[in-house]
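Me: I would like a close look at a single part of the structure shown here, with its surroundings described step by step.

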Amino acid sequence: PKRVRTRHFQNAKREGIKITGLTSYDMLTARIFDEAGIDFLLVGDSAGNNVFGYETTLPVKVDDLIPLTRAVAGAVKRAFVVADMPFGSYENGPEEALHTAVRFMKETGAHAVKLEGGERSHKQIRRIVGAGIPVMAHIGYTPQSEHGLGGHVIQGRGEGVKQLLADARSVQEAGAFAVVLEMVPADAARQVTELLEIPTISVGAGPHTDGQLLVWTDWAGLTIGRVPKFVKQYADLAGILSQAAREWREDVESGSYPNAEHSYE
Ligand code: KIV
Ligand code: NA
């Protein structure tokens, strides 16, 4: 299959073809999602919650994400792989941001990086793009600033739409090739999508964007605890794995596994 490149994102917006993305943190899911035709895989710092067992994404380090990103990038034949820059790896300024982006590009085989923030990350985006590295921006609700935003709160409501539009303009101007809109009202996301030439990717931002992205563990029913309202679950992996583990345990305890069929002569 022909590899997805940034050009694919531009063309998709122009032609009205929806872009699809899922997170992935390992080679097993990367291969499956790639073969299913998902356009891009984000190795998100949501690995903090979904791999490392943290309550937020804040403790995640570049060194935590590098091996996961390498596994995902190494497994795909078609999908575009985006490396998420974790909290503390770019806020200090354009030099720090470029240093982190270069590490991901050199050490993992990812095709782009993503960082949070609109106007406040303008200089960082511009510097990374200037070095020939594609940047996916991320505005609206930005989990790395959970405490600054006062919790898991919808952004771009009421007067907040002005800041959202300013952030959207700013990241496009800085050279981002696409922008993720997280947890904003559907109408605000529609306004951003109409305003921008670069494609918008919704995660909890309704249907009027150029693409959709979900955290794979939420979408596949593997999340423990509450799943956000915007997620539709397409599988019950927790139920399937739990059932399999129980059956296997019972079979081992009762002596029905392994039998002759699963033993060597
Ligand atoms: O880390 C992540 O999974 C993300 C998406 C939810 C946008 O940043
Ligand atoms: Na993230």
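Which residues of strand 3 lie on one side and which on the other, and are they buried or exposed?

Reply: In this predicted model, strand 3 presents Phe-80, Val-82 and Asp-84 on one side and Val-81 and Ala-83 on the other, and all of these residues are buried, which leaves both faces of the strand covered. This arrangement can be read against a general rule: in a regular strand the side chains alternate between the two faces of the sheet. Because 5 of the 5 residues of strand 3, which spans residues 80-84, are buried, the strand is largely enclosed by the rest of the structure.

The neighbours of strand 3 can be taken in turn. On one edge, strand 2 (residues 40-43) pairs with strand 3 in the parallel sense over 4 bridges, and within this pairing Leu-42 stands opposite Val-82. Strand 3 is also joined to strand 4 (residues 112-116), again running parallel, by 3 bridges, and there the bridge partner of Val-82 is Ala-112. Between strand 3 and strand 4 comes helix 5 (residues 94-108), and the three elements together make a right-handed β-α-β unit.

These pairings belong to a wider arrangement, in which 8 strands close into a barrel in the order 1-2-3-4-5-6-7-8 with parallel pairing, the twist averaging 25° from one strand to the next. Strand 1 (residues 19-23) and strand 8 (residues 211-214) are likewise parallel and are joined by 4 bridges, with Gly-211 of strand 8 as the bridge partner of Ile-19.

How values were computed. Residues are numbered from 1 along each chain as its sequence is written. Chains are lettered from A and ligands numbered from 1 in the order in which they are written. This is a predicted model: local features need pLDDT of at least 70, side-chain atom pairs count only at pLDDT 80 or more; totals for chains, interfaces and linings use all residues. Two strands pair if DSSP finds at least two bridges between them. Helices (H or I, at least four residues) and strands (E, at least two) are DSSP runs, numbered from the N terminus. Axes are lines fitted to C-alpha atoms, for helices over the stretch in contact, and angles run from 0 to 180 degrees between N-to-C directions. A residue is buried if 20 or more other C-beta atoms lie within 10 Å of its own, exposed if 12 or fewer, and partly exposed in between; C-beta atoms are placed from the backbone. A crossover is right-handed if, with the strands pointing away from the viewer, the path from the first strand over the helix to the second runs clockwise.
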